[in-house]
Structures are given as structure tokens and as C-alpha cells.
Amino acid sequence: MANDIIKFLREKEYVSGEVLAKKLDISRVAVWKQIQKLKDMGYKIISDQNLGYCLVFRPDLLLPQEIQRGLSTTYIGKKIFYFPELESTNIIAKDKASQITKEIDEGTIIIAEKQSTGKGRLGREWFSPVGGIWLSIILYPQLPPSYIPRITLMTAVAVVKAIRMCTQIKSQIKWPNDILINEKKVCGILTEMSAELDMINWVVVGIGINANIDLRDFPEDIQANTISLKETSGKEVLRVKLTQTFLQEFEKYYDKLKRKEFPSILEEWKLYSHTLGKKIKVDMGERIITGEAVDINEEGALILKKEDGELIKIISGTILK
Ligand code: BT5
């Protein structure tokens with residue numbers, strides 16, 4: 001309802017309560033209540049006894065009506081579930097993706113201003129205060145489960161591109177799921193899925209971008225390795241614009257992936273790589289391997305060259321500092 005009111009208020013300078021009530025088929029009191037709700041959300045709406053309501057300021061909130069206005073995607077972000085606060089967008093997205101009724105479309109997004117228990121990989125925590133962009137995308141790719149690492153890599157390319165397009169900031173990808181600026185993490189990606197042996201049922205790609213967060217607001221133990229776009233550029237980024245740009249880039253690369261054009265995405269990934277050519281230590285869960293990161297193969301796996309020259313293929317792991 002609030003969405004519709006904003007839509008009407010955007011179309012004209014002033015809209016009377018009566019007209020809004022008629023268009024939305026609700027009472028004038030109900031219109032007034034919705035206006036109060038919008039004001040609480042940060043919209044500035046002035047009212048004139050004769051003319052009605054006038055929208056004078058829109059907050060930079062990640063509201064569906066803000067994101068969808070001017071969004072040029074075909075299916076990514078066409079349906080958005082918005083929460084001022086929730087536990088984790090990935091949890092809600094997984095819930096929705098696994099519904100037996102299958103009424104959630106591909107490209108549906110869950111987005112929140114704040115997460116109380118944001119998730120990293122392997123049960124790690126993801127700090128998600130107000131000011132960031134915390135979102136999850138639901139996908140049903142008709143691809144085998146071996147494509148999951150490729151989905152994470154293409155998402156990273158879309159993030160780097162979107163950050164560059166909106167802020168001119170150059171970021172780099174640390175395999176497999178970190179985006180860095182000046183060696184510090186500005187974004188993390190968490191890809192989760194449900195699959196049969198040879199086919200994916202659903203994928204949820206969770207993306208967390210530290211947009212307008214002050215460094216001092218991060219927990220002390222991660223401050224040294226963390227950065228935000230605001231800290232980098234010295235000014236607030238327009239989160240709605242960045243979200244739209246990211247969704248557009250995401251759709252472009254995801255379509256490419258579905259057309260089996262991963263090699264061209266990988267070429268771009270390599271341009272933004274922070275990992276290739278470096279001597280690194282990778283925690284693979286059961287063991288830690290040291291070597292030189294020499295390549296990413298066509299499956300999205302990291303190829304590590306050990307000191308004795310042996311080449312190791314790593315599908316998933318964490319690069320240690
Ligand atoms: C990740 O895990 O980097 C995946 C993060 C995905 C977050 C998004 S937000 C939307 C969606 N909903 C969710 O609940 N999650 C996804 P990993 O590689 O395991 O890195 C986690 C580590 O990054 C933590 O152990 C901290 O050291 C560090 N960290 C935590 N919060 C951070 C932040 N905001 N910025 C930078 N580093 C952070």
C-alpha cells in the first residue's frame with residue numbers, strides 16, 4: 001500500500017487524500033496512516049489543506065519501489081521482499097526457495113537494511129549494520145551442481161563492475177568469494193544450494209557490501225581487515241543506484257553463464273584477480289596447503305602449484321592471511 005502511495009506521489013506535485021483514497025480503494029484515514037508510516041521510514045511528505053500531499057524527500061532506503069524504479073533487468077529483482085531488519089537474508093531466501101508450492105520466481109530478492117545474525121561461510125558471522133547492502137538472490141539454474149563455484153565467481157565479477165560503475169573505485173577479487181579494496185574486505189559472497197546428484201534444485205546467492213559504514217562501527221577484531229565504500233571515497237554512495245547496477249550486471253553475467261559462456265566471464269575475473277600469481281596458504285578444512293596460485297580453471301577451481309611443482313585443484317577453501 002505504502003508503495004502505491006509513493007508511486008502516485010511521484011507522478012504529481014500534490015495529490016489529495018481524497019484522490020489517493022479513491023485510487024487505492026481505502027478510507028482517507030487509512031491514507032493518512034500510510035503517510036505516517038512513510039514518514040517514519042524517512043520520507044518527507046508535506047501536506048496542504050487544499051492541495052493534499054507532496055513528496056519532497058526520498059530516503060536512500062533499499063525499498064522495492066526505489067530499486068525497481070529504473071531497474072532494467074528482465075527477471076532479477078522483479079520481485080523483492082524488503083525487511084528493515086531480519087536475521088539473515090540467506091535464511092529467508094532459502095526458506096522461500098525450498099517451498100514446495102514453487103511460487104517464488106527466479107530472480108526474487110530478499111533485501112534488508114540490517115541483519116541481526118548475518119552469515120558468512122562455514123558458520124562464520126557476517127557483521128551487517130545499517131548502511132550496508134545485504135541481499136540474497138534466488139535462482140533455479142538448470143545446471144549441474146559443479147557450476148556452483150562458477151556462480152560465486154560470476155557474482156564477484158558483477159560486484160566489482162557495479163562498484164566501479166557507481167563509484168569509480170577499483171576493487172579486486174580474492175578467490176573465491178571476497179571483494180577487496182586496498183587489501184581489505186569490502187564485500188563477501190555466500191552461495192548456498194540444494195541439489196540432486198546431477199541437477200541443482202535452487203541456489204541462493206547472498207551478497208554483503210559494506211557501503212556506507214564507518215570503520216569505527218565495525219567490531220574491533222575485524223577492523224584491520226575491513227573497509228567500506230564510504231571510507232574509501234570519503235562520501236556516501238547511493239545504495240539504491242549501486243543495488244540496481246549490481247542487479248543489472250548480475251543478470252547479464254548469469255545469462256552468460258547459463259549460455260555456457262563461463263570462459264569469457266573467467267577472462268574478466270582474471271583481470272580483477274587479487275589471487276593469481278601470489279604465494280598463498282589455503283585452508284581446505286582437513287588440511288592447509290601452501291603454493292603459488294597459478295590459475296583458475298574452467299570449473300572455477302583454484303590451481304595451486306606446490307613448491308615441489310605438483311599442481312593441486314581446489315574447489316573450495318579459504319585463503320589465509
Ligand atoms: C563471506 O563469508 O564473506 C560471506 C558473507 C556473505 C554475507 C551476505 S549478506 C547477505 C547474505 N545474508 C547473509 O546472512 N549472508 C549473506 P566468509 O568468507 O566466511 O567471511 C566471513 C568473515 O569475514 C568473518 O569471519 C569476519 O572475519 C569477516 N567479516 C564479517 N563481517 C564483515 C563485514 N561486514 N565486512 C568485512 N568482513 C567481515
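User: How many bridges join strand β14 to β15, and how do the two strands run?

Analyst: Keep in mind that we're looking at a predicted model here. Strand β14 covers residues 302-305, and β15 covers residues 311-314. One pairing to look for is Leu-302 with its bridge partner Ile-314 in β15. The two strands run antiparallel, and the number of bridges joining them is four.

User: Which residue takes a positive phi in the hairpin of β14 and β15?

Analyst: That hairpin has five residues between its strands. The phi in question is near 95°, and the residue that takes it is Gly-309.

User: Which residues of β15 sit on its covered face, and which on the uncovered one?

Analyst: In a regular strand, side chains alternate between the two faces of the sheet. Going through β15 with that in mind, Leu-311 and Lys-313 are on the uncovered face. The covered face has Ile-312 and Ile-314.

User: Where is Ile-315 found, and is it buried, partly exposed or exposed?

Analyst: Ile-315 is found in the loop between β15 and β16. Setting aside its neighbours within four places in sequence, Ile-315 is in contact with Pro-149, Trp-175, Glu-299 and Ala-301. Its relative accessibility is 44%, and buried would need under 20% while exposed would need over 50%. So Ile-315 counts as partly exposed.

User: What is the bridge partner of Asp-295 in β14?

Analyst: Look at β13 and β14, which run antiparallel and are joined by four bridges. They form a hairpin with five residues between them, and Gly-300 in the turn has a positive phi of about 90°. In β14, the bridge partner of Asp-295 is Ile-303.

User: How many bridges join β12 to β13?

Analyst: Strand β12 is residues 279-283 and strand β13 is residues 288-296, and the pair runs antiparallel. Ile-280 has Gly-291 of β13 as its bridge partner. Four residues lie between the strands of this hairpin, with Gly-285 in the turn at a positive phi of about 90°. The number of bridges joining β12 to β13 is five.

User: Which helix gives the most to the largest nonpolar core?

Analyst: That core has 85 residues, and those with the most contacts inside it are Ile-137, Phe-246 and Phe-250. Beyond its neighbours within four places in sequence, Phe-250 touches several residues, including Ile-76, Met-154 and Ala-158. With eleven residues spread over 148-167, the top contributor is helix α6.

User: How many residues are in the second, separate core?

Analyst: Among its members are Leu-86, Ala-93, Ala-112 and Ile-138. The number of residues in this second core is ten.

User: Which strand gives the largest share of the lining of the largest pocket?

Analyst: The largest pocket holds about 1100 Å³ of space. Its lining has 48 residues, with Arg-124, Glu-125, Trp-126, Asp-178 and Lys-185 nearest the centre. By kind, that lining divides into 17 nonpolar, 19 polar and twelve charged residues. The largest share, four residues, comes from strand β10.

User: What volume does the second largest pocket have?

Analyst: This pocket is lined by 25 residues, and those closest to its centre are Arg-121, Leu-122, Thr-191, Ser-316 and Gly-317. Helix α6 and strand β10 each supply at least two lining residues. The lining splits into ten nonpolar, ten polar and five charged residues. The volume is about 520 Å³.

Methods:
Residues numbered from 1 in each chain as written. Predicted model: local features only at pLDDT ≥ 70, side-chain atom pairs only at ≥ 80, totals over all residues. Heavy atoms only, no water. Core = buried A, V, L, I, M, F, W, Y, C linked by side-chain atoms within 4.5 Å. Buried < 20%, exposed > 50% of the residue type's maximum accessible area, 1.4 Å probe, protein only. Contact = heavy atoms within 4.5 Å. 1 Å grid on protein atoms, 1.4 Å probe; cavity = no way out; pocket = protein on both sides within 12 Å on 5 of 7 lines; lining within 4 Å. Points joined across faces, edges and corners; volume = space filled by probe spheres on them. Nonpolar A, V, L, I, M, F, W, Y, C, P; charged D, E, K, R; others polar. Pairing = 2+ DSSP bridges.
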